[in-house]
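Hi there,

Here is the structure I promised to pass along. Have a look at it first, and then read on for what turned up.

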Amino acid sequence: MLNVDNVTARYGEAQVLQGVSLGVDTGEVVTLVGRNGAGKTTLLRCLMGLHRAMTGDIEFDGRSVATLPPHKRCRIGLGYVPDDRGIFASLSVEENLTLPPVTGPEAWSLEQVYETFPVLAERRRQAGTHLSGGEQQMLAIARVLRMGARILLADEPTEGLAPLLVQQIGEIIRTVKAHGVTVLLIEQNVHFASTVADRHYLIAQGRVVESLDNAEVEQREHELLEYLGI
Amino acid sequence: MSGLLQQLFNGLVSGSFYALLALGLSVIFGMLGVVNFAHGAFYMLGAFGAFVLLDSAGLNWWLALLVVPILLGVIGMVLERAFVHRLMHLFPLYNFLLTFGIALILQDLIRLKYGVTSQPYPRPTILDGMVDLGVFTYPKYQVFVLVLSIVLSVLVWLVLTRTRVGMIVRASTERAELTQSLGIDVRRWVTPVFGFGIALAGLAGVLAAPMRAVNSEMGADLIIVIFAVVVIGGLGSVVGSVAAGYIVGMLTEFGNFYIPALSQILVFVLMALVLLLRPAGLFGREEGSPA
Ligand SMILES: Nc1ncnc2c1ncn2[C@@H]1O[C@H](COP(=O)(O)OP(=O)(O)O)[C@@H](O)[C@H]1O
Ligand SMILES: [Mg+2]
């Protein structure tokens, strides 16, 4: 469904992606694992069209999207959750949910969102940023479901969350998958990654260095943790 | 007592102009990140527009109130498309210089034709005369200006807080790139918002024509105070600009009355105080708050 072919990216003179190639199939949950500074966020921004200084190709559904502006990528089914969650302070919780247009036939209704995430219903009139960190993360993912996006691109949704909330995010990602939405997830927590995802790409210094399945991640958890410097 | 109330009313009427101008400046800054130095010039053009329409075509003030803002709004949109837009990805100073240049050109064009003397503009007949407000009588026209500016401010606020367009403007103002990645073509909204801000400035100018001196300098005199108003209210905050507009209006009127020698600087003293105590302005969101 998503094919990334030899993508490079620069910040000024500094090249931070050195030709990344990877693929995600329909219905899969795939994670990108890698140290801080490996280039994961930059890659996701390239996928959304937010990072202009890039080369290489990005195909979604067999069609090249590398030259489309961000809003058009959203409209063909890419649902983005940035690393800071991207919740608007000047919009209420409900407005945060309804800001993006509906982009696919599988879009959730507001009722459906509120049924699945009752805390969002309770706080629908409050400013988006009045929610706790975990609730904001929930809101950001719920927003993607409300659009009816076909792939969820989430940048470290568990970062900085307490273990209980991390589990909750895990539940949400399984729900997302159960609804047929493909997921590409950035994740530092390899144990968590192996519980929610089907496959993993290990990214280092702007390159995909390994492709791993769950069994391999479990086997090599210690080595990977050391490698990630956690 | 009635003297004090009268001062208060004078302040609110002055504040009406500040509020309308600051409101437009504020939405433009919010959406485009551009400090529009030409805002005062468009206010001046609004007043001259009314004057020219009456003088050469016999169009009355009520028609001018409708036609002039629309015309200036369209001119604003053209300017945005042709110039402002092209500089937006550059350092903000470029657009500052551009709009400053536009202001000087507009002002000098008017000066070329009309000099610096003020042009007469009659009050619309229905609004001529005084209205009895109980404790004192007050010019009908001024009351109309005050009511209209409050109604317009409330309308803009309603559009911003209650409609989908308003939601998009708020989102783009807060985080343009994020809004873009959520499927909204922010660029499409930038031009109409600029035009709208300019139209508000033009409308303020038409309102000013019958009660202020209509001359080529009228906008330049005002723009510095308007900048102070926007800073006091909080950059990009619509409610803040309007509230600060009325506050500054009252401050200058009371200042004029009680300490005329200081009236010119009171606004800037207030601005300095606000910046010291609340750097983001009275209604601005503090930097670094979780976004
Ligand atoms: N705005 C930026 N300007 C310059 N360099 C940046 C910027 N953002 C990230 N980088 C650099 O790019 C590299 C990759 O960063 P990033 O994609 O954020 O990594 P990750 O998400 O894997 O932690 C890092 O070396 C980082 O310092
Ligand atoms: Mg990152």
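How far is a nitrogen atom of ligand 1 from an N or O atom in the side chain of Tyr11(A)? The separation is 3.4 Å. Please keep in mind throughout that this is a predicted model.

**Around ligand 1**

Two other polar contacts of ligand 1 go through its oxygen atoms. An oxygen atom of the ligand sits 3.0 Å from a backbone N or O atom of Gly39(A), and an oxygen atom of ligand 1 is 2.5 Å from a polar atom in the side chain of Thr42(A). On its own, ligand 1 would expose 560 Å², and the protein buries 56% of that area.

Should you want to set up a selection, the residues around the ligand are Tyr11(A), Val16(A), Arg35(A), Asn36(A), Gly37(A), Ala38(A), Gly39(A), Lys40(A), Thr41(A) and Thr42(A). By character, this shell splits into five polar, three nonpolar and two charged residues. Which element supplies the largest share of the shell? That is helix H1 of chain A, residues 40–48, with three residues.

**The cysteines**

You may be wondering about disulfides before you prepare the topology. How many does a search of the whole structure find? Over all chains, the count is zero. Cys46(A) belongs to no disulfide, and the cysteine sulfur nearest to its own, that of Cys74(A), is 17 Å away. Why is Cys74(A) left without a bond? Its closest cysteine sulfur is the one in Cys46(A), and at 17 Å that is too far for a bond, because a disulfide needs the two sulfur atoms within 2.5 Å. Both residues are covered by protein: Cys46(A) counts as buried at 0% relative accessibility, and Cys74(A) is buried with a relative accessible area of 0%.

**Strand S9 and its partners**

Strand S9 of chain A, residues 199–204, is worth a look in your viewer. Is it mostly covered or mostly open? Mostly covered, with five of its six residues buried.

S9(A) pairs with strand S3 of chain A, residues 29–33, in the parallel sense over four bridges. Within that pairing, Val33(A) has Leu202(A) in S9(A) as its bridge partner. S9(A) also pairs with strand S10 of chain A, residues 207–213, here in the antiparallel sense and over six bridges. There, Ile203(A) is bridged to Val208(A) in S10(A). S9(A) and S10(A) make a hairpin with two residues between them, and in the turn Gln205(A) has a positive phi of about 45°.

One side chain of this strand may interest you when you assign protonation states. His200(A) is found in strand S9 of chain A and counts as buried, since its relative accessibility is 1%. What does its side chain contact? The side chain of His200(A) makes a polar contact of 2.7 Å with the side chain of Asn214(A).

**A pair in chain B**

Finally, a note on the other chain. Val154(B) lies in helix H5 of chain B, residues 140–162. At 43% relative accessibility, Val154(B) is partly exposed. Val154(B) and Val242(B) are separated by 88 residues in sequence, while their C-alpha atoms are 9.5 Å apart in space.

Happy to talk any of this through whenever it suits you.

Best wishes

Notes. Residues are numbered from 1 along each chain as its sequence is written. Chains are lettered from A and ligands numbered from 1 in the order in which they are written. This is a predicted model: local features need pLDDT of at least 70, side-chain atom pairs count only at pLDDT 80 or more; totals for chains, interfaces and linings use all residues. Side-chain values use heavy atoms; hydrogens and water are left out. Buried means under 20% relative accessible area, exposed over 50%, partly exposed in between (1.4 Å probe, protein chains only). A residue is near a molecule or strand if one of its heavy atoms lies within 4 Å of it. A polar contact is a pair of N or O atoms within 3.5 Å; within protein, one must be able to donate a hydrogen and the other to accept it, and residues adjacent in sequence count only if both atoms are side-chain atoms. Accessible areas come from the Shrake-Rupley method with a 1.4 Å probe; for residues, only the protein chains shown count as cover. Ala, Val, Leu, Ile, Met, Phe, Trp, Tyr, Cys and Pro count as nonpolar, Asp, Glu, Lys and Arg as charged, and the others, Gly among them, as polar. Two strands pair if DSSP finds at least two bridges between them.
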